[in-house]
Amino acid sequence: MSKQNPERHLGRRSLLTGAAAVAGGAALSTAVAPGAQAAPGSAAAVGPVVVTAGDRRLPDLARGNNLRWEASPEKVVLITTTEQAVNAVRDAVTGGKRLTVRSGGHCYEDFVFNKDVQVVVDLSAMNQVRFDTTRNAFEVEAGASNLDLYEKLYKLYGVTLPAGTCASVGVGGHISGGGYGMLSRLHGLTVDYLHGVEVVVVRNGVVEAVRVFRDSTGAEQDLWWAHTGGGGGNFGLITRYWLKKPDSTSTDPGELLPSPPSEVLLQATAFKWADVNEAAFTRLVQNWGTWHEQNSAPNSPYNSLFGLLKLNHSGNGEIGLITQMDATVPDARRLLHEYLTAITAGVGVQPTAMTQRMGEHAALTQFRNPRRLPWYIATDHLSGGTPGLRGKYKSAYARKGLSPTQIRVLYKHLYTTYRNPDGALVQIDSYGGRINSVPSGATAVPQRDSVLKLQFQTYWTDPAEESIHISWIRDLYREMYAETGGVPVPGPINDGCYINYPDKDLGDPAWNVSGTTWQNLYYKDSYARLQRVKAAWDPQNFFRHAQSVRLP
């Protein structure tokens, strides 16, 4: 047991089996954690709420945000406390039931909702965000959404986390998989601020909630590290996180996490596909890569600029470019103008307003010219989502701009006769900056020298069309990375894939002939350590899914 964390076992005795044992852990798990500041007027914990077949709520609770994934579990258990989480896991262990965990429901694959799941633990009602004075860190329950997190951290304390743009993503999975967003070039990855985690684990029949921290030692520190990018559903059921700057000695909450810019410049423009030929497309994507190669050092004056190049299929009618930059830095408008000039140089197409929906983002016509907005309002404007749609996704990290061959393949597949009005695109995100100031092995995210991140996406509504849309994205991806076996094998340009954008095709020999495993594509050299953590904390492999960390 770590000297720094004498109470890390939460009820080893009281949270095992038996009715009497359950009562012993109730005070700890139903009360506000020691030192935490509860929201005014907060009520006593409720639940668990158990939803079974025949309940009108089950259709909402037994499917993901991606409507491809739905299940027929025996029950969905909505919890609000750690004790309830331990009880739900213990009941599943005792009953031999297959259990999965939902925080926000945004998993791109069927890791939560599939034919085998019998019990789903839903964390959406366990969503508090508060400051823990005992830990001198922010405590965030795993069911909180990105928007819950942003609003409470910023409005109450003036701070934030560099996390994602989709408002309804649950932090339980987002943080554990690494997490990044519009402020990441300025402040790093979400997991760079992970101070501690509370997780329900199963070891040799014992079900317990443990708390592990950055300054823990031995196996406990390994379990903390595994949650800095190892992904969800691997080691246990995460109930809460503690977050703070790793080097902070302050006791002022306003200094323990990054402060976002008070105001930002937000711009959204488009290039009409009717005006874009292959030469213009090539120049645009080359400019994008070159600019990021030259302006993504940790100390770059452009660290606060984050862009999204939305290479939509030609059927959309537009290619989009969304940019956010700190409006308070010296010469912000000049820097933004020079950036846009560099991106559009030689393209020969006049940018217009962004009038079409592009993936998770609605049309942003009102941002044709840069608008100066308060940071939180701008964040709300960019909070996208894809409710009511089916989707397939793939990912890649890039250490430099795309090769001429890759750009040629992109153009070919974005300009085919395939038409998908609900959205087919390759979004290339700004990356690098402060992300790359952290050593590769310091967290479980090994990709720490990339300058771009690619999101391959396609959306549709009709289940009967699934094969059409999946074939399009598979063919594009395989041809784009044909030189490395159909996947972005780490090398001079590519650097693997992002675990928070899971893709089961990476483990399918029909689509990955590279000889590089999906484990290596996600985790590289981090995987061996993650396997050791798995063996130490989940030796029976109770928590598992199609791409969970395997036992060594």
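Which strand does R390 lie in? That takes us to strand β16, residues 390–398, and the views below mostly follow this strand and its surroundings. This is a predicted model, where local features need pLDDT of at least 70, side-chain atom pairs count only at pLDDT 80 or more, and totals for chains, interfaces and linings use all residues. Residues are numbered from 1 along each chain as its sequence is written, and side-chain values use heavy atoms, with hydrogens and water left out.

**View 1. R390 in strand β16, a buried arginine without a salt bridge.** Strands here are DSSP runs of E with at least two residues, helices are runs of H or I with at least four, and both are numbered from the N terminus. R390 is buried, meaning under 20% relative accessible area (over 50% is exposed, in between is partly exposed; 1.4 Å probe, protein chains only). A salt bridge needs a side-chain nitrogen of Lys or Arg within 4 Å of a carboxyl oxygen of Asp or Glu, and R390 has none. Its nearest side chain of opposite charge, E466, sits 4.5 Å away (Lys and Arg count as positive, Asp and Glu as negative; His and the chain ends are not counted). Contacts are heavy atoms within 4.5 Å, and beyond four places in sequence R390 has them with N66, L67, R68, T458, Y459, W460, T461, P463 and E466.

**View 2. K392 paired with E109.** Side chains of opposite charge can pair when their charged atoms come close. In the salt bridge between K392 and E109, the closest N and O atoms are 2.9 Å apart. K392 belongs to strand β16, while E109 is in the loop between β4 (99–102) and β5 (119–122), 283 residues apart. K392 is buried at 4% relative accessible area, and E109 is buried at 4% as well.

**View 3. K394 paired with D505.** Here the closest N and O atoms of the salt bridge are 2.8 Å apart. D505 lies in the loop between α13 (466–480) and α14 (518–523) and K394 in strand β16, so this pair ties together parts 111 residues apart in sequence. Both D505 and K394 are buried. Pull back a little and there's a network of salt bridges linking E109, K392, K394, R474, D503 and D505. The structure holds 32 salt bridges.

**View 4. R399 and D449, a salt bridge between two loops.** The N to O distance is 2.9 Å. R399 is in the loop between β16 and α12 (404–414), and D449 is in the loop between β17 (424–430) and β18 (452–460), 50 residues apart. Both ends count as partly exposed: D449 at 39% relative accessibility and R399 at 24%.

**View 5. The second largest pocket.** Its volume is about 220 Å³. Of the 13 lining residues, Q267, T269, L340, P351 and R368 are closest to the centre. Elements giving two or more residues to the lining are β11 (263–272) and α10 (332–344), and α10 has the largest share, with 5 residues. A pocket is an open set of points on a 1 Å grid over the protein atoms alone, where a 1.4 Å probe fits, with protein on both sides within 12 Å along at least five of seven lines; lining residues have an atom within 4 Å of a point. Grid points are joined across faces, edges and corners, and the volume is the space filled by probe spheres set on them.
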